[in-house]
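Reader: Before I rely on any label attached to this model, I would like each one set against the rule behind it. Could we go through them one at a time?

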Amino acid sequence: MSDPVPTPQSVTGAPEADESYSVLAALKSPRRLKTEVLAGLVVALALIPEAIAFSIIAGVDPRIGLFASFTMAVSIAFLGGRPAMISAATGAIALVIAPVAREYGMDYFIATVILAGIFQVALGLLGVAKLMRFIPRSVMVGFVNALAILIFLSQLPHLQGVPWMVYPLVAVGIAIMVLMPRWTKIVPAPLVAIVLLTAATVTAAINVPTVGDEGELPDSLPSLFFPDVPLNLETLQIIAPFALAMALVGILESLLTAKLVDDVTDTHSNKTREAWGQGAANVITGFFGGMGGCAMIGQTMINVKASGARTRISTFLAGVFLLILVVGLGDVVAIIPMAALVAVMIMVAIGTFDWHSVQLGTLKRMPKSETAVMLATVVVTVATHNLAYGVIVGVLVAMVLFARRVAHFTTVTRLDASDTDDQRVYAVEGELFFASSNDLVYQFDYAGDPRNIVIDMRNAHVWDASTVATLDAIRTKYEAKGKTVTIVGANPDTTERLDRLGGKLGAGH
């Protein structure tokens with residue numbers, strides 16, 4: 001399916017109304033509404049085993065994960081800033097807060113989820129989403145590739161120690177999703193694969209693992225839950241570190257996923273709204289006894305890329321269908337073979353991976369530092385199974401390599417042409433900051449230069465106090481030998497910084 005026309009941007013950077021993403025327009029169009037409904041159904045089916053698995057990781061009842069996926073999806077459909085993105089219980093969140101359930105019990109676990117949501121709302125309103133601009137493209141590519149690898153690796157347990165019939169079923173499912181779009185896109189290929197493989201296993205009485213084998217499905221609706229914990233400083237000391245970690249991981253994954261969907265759909269989304277919306281959804285989820293969550297890359301790609309959904313309708317219906325399926329149609333859902341869902345997720349992994357980034361031609365053209373950042377992001381993410389760690393390491397590696405590269409962009413040239421024998425002119429060029437100015441002090445001949453030194457900075461810019469301190473050190477070294485230093489040609493910003501800080505940074509610089 002072709003991507004829609006890019007959303008026109010207003011002067012403020014916010015997306016203008018676009019009927020491709022309008023809920024009202026989708027409701028008026030039977031064809032588009034069908035796409036949204038079927039996409040929501042496919043996502044709901046894919047959410048069930050994931051939610052159960054993440055509940056096991058967190059050490060809580062599977063129903064806690066399923067209820068979380070329902071409330072997160074429904075809430076974020078109204079509160080989020082990225083239409084068509086799916087939020088539910090996730091593995092990263094489960095890993096972060098699992099120790100709370102294990103060591104302190106369910107009440108503290110839910111209290112942690114609620115506090116994490118409050119932290120996310122606060123961070124969102126404080127503008128944390130704006131920090132996304134500091135994440136380089138190479139980190140984003142590494143994020144996407146690591147996600148694809150993790151999605152694929154998460155399916156391997158379902159392919160080990162299983163009846164041999166699982167393998168041909170997975171192969172048939174993949175074949176359906178590869179070949180069917182060439183004939184028709186009326187119905188999402190993943191849904192067709194799930195229905196046909198389920199029908200085949202039931203009709204032929206094929207004994208393979210099913211969704212029902214993953215865990216007990218709930219038989220009632222979620223209800224309000226108020227954690228029974230003391231409202232005191234001791235409780236806060238227990239849950240606050242886990243809640244803050246959950247808040248940061250959830251926001252990071254959600255904003256990165258939102259940016260990925262922006263790229264896939266060629267549109268812009270409101271990241272600030274997405275940040276506080278995730279927090280509000282987690283608060284709601286906590287008060288319904290759910291384990292919390294954030295954006296899910298795999299299910300989002302099923303919704304947006306595989307099924308073609310573009311509006312909040314699919315997100316809302318994913319949550320509604322999930323509840324209907326596990327509560328009202330639990331017996332039917334339980335017989336779906338895991339092989340069908342494994343096939344869907346393998347195709348999602350293949351579609352998510354940025355194959356162009358690892359082609360030989362791309363690697364030859366790409367600067368080695370960019371490739372190193374991408375690989376660092378992928379390796380750390382896959383090794384830790386935590387996307388947040390991978391992105392943080394990727395950004396840090398990018399910062400170090402950037403600083404190292406820029407450090408060599410500063411040059412000092414000695415100009416011999418002088419009107420008098422007692423003057424030496426040095427021309428400094430480049431952007432001067434802590435990384436590039438550290439070696440500046442060694443570029444001057446303090447003993448051999450004449451009495452008057454001129455530092456021409458018309459092609460340089462001073463960015464920080466470290467550089468001012470370096471220039472002070474140069475002046476001090478010359479003055480110790482009875483020589484004078486004059487700085488000329490500095491631009492207004494550099495002049496202001498030199499006048500404000502020069503000579504005032506102390507001897508400890």
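**Labels and the rules behind them**

Reader: Why is S55 called buried?

Author: S55 has a relative accessibility of 0%, and buried means under 20% relative accessible area, with exposed being over 50% and partly exposed in between (1.4 Å probe, protein chains only), so S55 counts as buried. This is a predicted model, in which local features need pLDDT of at least 70 and side-chain atom pairs count only at pLDDT 80 or more, while totals for chains, interfaces and linings use all residues. Residues are numbered from 1 along each chain as its sequence is written, and side-chain values use heavy atoms, with hydrogens and water left out.

Reader: What surrounds S55, and what does its side chain reach?

Author: S55 lies in helix 2, where helices (H or I, at least four residues) and strands (E, at least two) are DSSP runs numbered from the N terminus. Once residues up to four places away in sequence are set aside, S55 touches V60, D61, P62, I64, G65, L66 and M291, a contact being heavy atoms within 4.5 Å. The S55 side chain also comes to 2.8 Å from the backbone oxygen of A51.

Reader: And T272: what makes it buried, partly exposed or exposed?

Author: The relative accessibility of T272 is 28%, which places this residue in the partly exposed class. T272 belongs to helix 10 (residues 271–287), and beyond its neighbours within four places in sequence it is in contact with G124 and A129. The C-alpha atoms of T272 and G81 are 7.4 Å apart, although 191 residues separate the two along the chain.

Reader: How do you know that the span of helix 8 agrees with what is expected?

Author: The expected span is 1.5 Å times one less than the number of residues; the 15 residues of helix 8 (residues 189–203) should therefore span 21 Å, and the end C-alpha atoms are 21 Å apart, which agrees. Its buried residues are A189, P190, L191, V192, A193, I194, L197, T198 and T201, and their cover includes helix 2 (30–58), helix 7 (166–183), helix 11 (297–306) and helix 14 (338–352). Just after helix 8, A205 has a positive phi of about 55°.

Reader: What makes helix 14 mostly covered?

Author: Of its 15 residues, 12 are buried, among them M338, L341, M345 and T352. These buried residues pack against helix 2, helix 6 (137–153), helix 7, helix 8 and helix 11. Helix 14 reaches 21 Å from its first C-alpha to its last, close to the expected 21 Å.

Reader: How many cavities are counted, and what lines the largest?

Author: A cavity is a set of points, on a 1 Å grid over the protein atoms alone, where a 1.4 Å probe fits but cannot get out, and lining residues have an atom within 4 Å of a point. The count is 1 cavity of 30 Å³ or more, and the largest has a volume of about 30 Å³. Its lining consists of I76, A77, R82, P83, A84, M85, R312 and T315, with at least two residues each from helix 3 (62–79) and helix 12 (312–328).

Reader: What does the protein come to as a whole?

Author: The protein has 19 helices and 6 strands, and 53% of its 509 residues count as buried. Among contacts between residues at least 6 apart in sequence, 82% join residues at least 24 apart.

Terms used:
Polar contact = N/O pair within 3.5 Å; in protein donor to acceptor, adjacent residues only side chain to side chain. 1 Å grid on protein atoms, 1.4 Å probe; cavity = no way out; pocket = protein on both sides within 12 Å on 5 of 7 lines; lining within 4 Å. Points joined across faces, edges and corners; volume = space filled by probe spheres on them.
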